[in-house]
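Me: I would like to go through this model and ask, for each label attached to a residue or a pair, what justifies the label.

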Amino acid sequence: MVEIKRIEETTPEDYVVLGMKSGLEIHQQLATTKKLFCRCPVVRPYSEEFNAEILRHMRPTLSELGEYDGTALMEFKTKKEIIYQIHQDTICTYEMDDTPPFELNEQALDIALEVTMLLNCNLVSEVHIARKQYLDGSIPTGFQRTTILGVDGWIPFKGRRIGIIQLGLEEDACREVSDVGHLRTYRTDRLGIPLIETVTYPDMKTPQEVAEVGQILRYLARSTGKVHTGMGAARQDVNVSIEGGRRVEIKGVCRIPLIPLLVHNEAYRQAALLDIKRELARRGITPDSFKADTYDVSELVSGTQYYPLAKALKVYNDVATKYPKSTYSAEAYYRTGVIYHERLDSLKLAQEAFGKVAGEYSNSDFAAASLEKSTSMKRLLELQKAAGKGETVDQAAEKRFMAAEIQLTRLGDVQTALAGYQAVLDSFPRTAVAPKAAYAIAWIREYKLNDKDKAIESYRALVDRFPRSYQARGALFQLGFLGADSLKVELQAYVDSARADTTAIEKPAPAAPANPDTAAIVKKNLLPAPSDTVKKGGTP
Ligand SMILES: [Zn+2]
């Protein structure tokens, strides 16, 4: 058994015994005036304003080798909806994958080559631009354009050398605003900003060394005076492995002082896993003899105050009081808001917590997401206020509908939204928003709940109930899309009857009469159309 130690108690020899190795990948933004593959300006600090939103679904495509990428398929199956918030000053059609790349930004190339030489790298003789897969949606194309400028370098460190595998030049990805349920939101101002990526060999032997080398590499690049500094301008990925374990990559560490503890914990986590592996082997347990069962324990805790939540709220409150105006208190308020919203169902307290972060911590990493949530929640609270004097039925229905829309699209709260739309349909069936609510219900069942049968049922109910609505047409389309072959006859009947209804409304006259006077009479008397015309549908 490995004795798990706290970082303060661990000596460099302990890590040698574990056989720990660690390497770094450091990303730093270059201080260029323009982006890497288009001519959009680099605007920093980032703004929280945007002019438009674009909704995208990621779809896997066949590779040149004729197969689907496993990771791409997996990501696709999560059915994520990606929203890009764009600002006209910082984006063009290149970033949104509608225009091919422009030539590589030469200012960026110059800076990157300077750093490559500082790292004693061998320069490549030709620069080739390659694509690196990016499947989380943070780059609309699904890949990052990247290039290697130098290989096999080194820096001096405490009487030895730390090897540099390579230095690459690449484009930065979008900033994530929020990731709630199936909805992920990005802001695109950061997208395409030139980055250098420095990759070291796993030459660091202790967690402290990893941080020290990280600082040296960052300051080396900063010594050129041509890289951005400040929160988010540099990010590192830390690779850690121990003897017998696997390489684990800790991604996106935003501050170097965080590195030692992360590396230490990862090393001992792997050591503990190896202990478990040995114990399982000792007991003769193999993948074939292993059996897992799942038990639902929510019944057991339903009647309690659920101590962990109450405790978490207290801890966050302590942090916020103890370290006011710090990044820790910003995070504490943010997490308090999440608990109130997602676990305790208190919109009002959640809004207060998010509002605090957005107002008092507007420079923190949690500000953008908090502002989004607090604005949506504020609007929701207003909509939920008791009906105003003189409010018409239509206005009341509209308010209820808007609330459900916010729950669905802004807060990712699918079940609450579904209940809201159902309430609109039940309480305000004759209003203009009723067919929209009916459509939303069917849509949620199809896309959010993956319940095809229920979705078909809901689309059909919509067509029956509001056959002349705009939404009925959409529902018919979806039914055709969802329908198995057995559905087709019935579907055609739906389509025919809906068309007949539309025709009956739009053209009260059964046929174009030769005599205008006859037409006038037909209209005046509202003669019903002959039944055979109705059956034929809209084809005269
Ligand atoms: Zn651009």
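Me: What makes Lys132 partly exposed?

Reply: In this predicted model, Lys132 has a relative accessible area of 32%, and because the partly exposed class lies between the limits of 20% and 50%, Lys132 belongs in that class.

Me: Why is the contact of Lys132 with Glu170 called a salt bridge?

Reply: The closest N and O atoms of Lys132 and Glu170 are 3.4 Å apart, and because a lysine nitrogen has to lie within 4 Å of a carboxyl oxygen, the pair qualifies as a salt bridge. The two residues come from distant parts of the chain, Lys132 from strand E5 and Glu170 from strand E7, 38 residues apart. Glu170 has 1% relative accessibility, and since buried means under 20%, Glu170 counts as buried. The structure holds 29 salt bridges.

Me: What separates Arg269 and Glu266 within helix H5?

Reply: Arg269 and Glu266 are three residues apart in helix H5, and therefore separated by about one helical turn. Their side chains meet at 2.9 Å, N to O, which satisfies the 4 Å limit for a salt bridge. Arg269, at 42%, is partly exposed, whereas Glu266, at 8%, is buried.

Me: How do you know that Arg410 and Glu372 form a salt bridge, and how is each classed by accessibility?

Reply: The closest N and O atoms of Arg410 and Glu372 are 2.8 Å apart, and because the limit is 4 Å, the pair is a salt bridge. Arg410 lies in the loop between helix H11 (393-409) and helix H12 (414-427), while Glu372 is in helix H10 (residues 367-384), 38 residues away along the chain. Arg410 is partly exposed at 30% relative accessibility, and Glu372 is buried at 13%. Elsewhere, Glu48, Arg175, Arg187 and Asp189 are joined into one network through salt bridges that share partners.

Me: What makes Cys38, Cys40, Cys92 and Glu95 donors of the zinc ion?

Reply: The SG atoms of Cys38, Cys40 and Cys92, together with OE atoms of Glu95, lie 2.2 to 2.7 Å from the zinc ion, and because donors are N, O and S atoms within 2.8 Å of such a metal, these atoms are counted as donors. In sequence the donor residues follow the spacing C-x1-C-x51-C-x2-E. Of these residues, Cys92 is partly exposed with a relative accessible area of 25%, whereas Glu95 is buried with 3%.

Me: Why is Lys158 called exposed, and what is its phi?

Reply: Lys158 has 59% relative accessibility, and since exposed means over 50%, Lys158 counts as exposed. This residue is found in the loop between strand E6 (143-157) and strand E7 (160-171), and its phi is near 45°, a positive value in a residue other than glycine. The side chain of Lys158 is joined to that of Glu212 by a polar contact of 2.7 Å, which falls within the 3.5 Å limit for such contacts.

Me: How do you know that the peptide bond between Arg44 and Pro45 is cis?

Reply: Omega of the bond joining Arg44 and Pro45 is about -5°, and the bond is a cis peptide bond. Pro45 is placed in the loop between strand E1 (21-29) and strand E2 (52-57).

Methods:
Residues numbered from 1 in each chain as written. Predicted model: local features only at pLDDT ≥ 70, side-chain atom pairs only at ≥ 80, totals over all residues. Heavy atoms only, no water. Donors = N, O, S within 2.8 Å, 3.2 Å for Na, K, Ca; no water. Buried < 20%, exposed > 50% of the residue type's maximum accessible area, 1.4 Å probe, protein only. Helix = DSSP H or I, 4+ residues; strand = E, 2+ residues; numbered from the N terminus. Polar contact = N/O pair within 3.5 Å; in protein donor to acceptor, adjacent residues only side chain to side chain.
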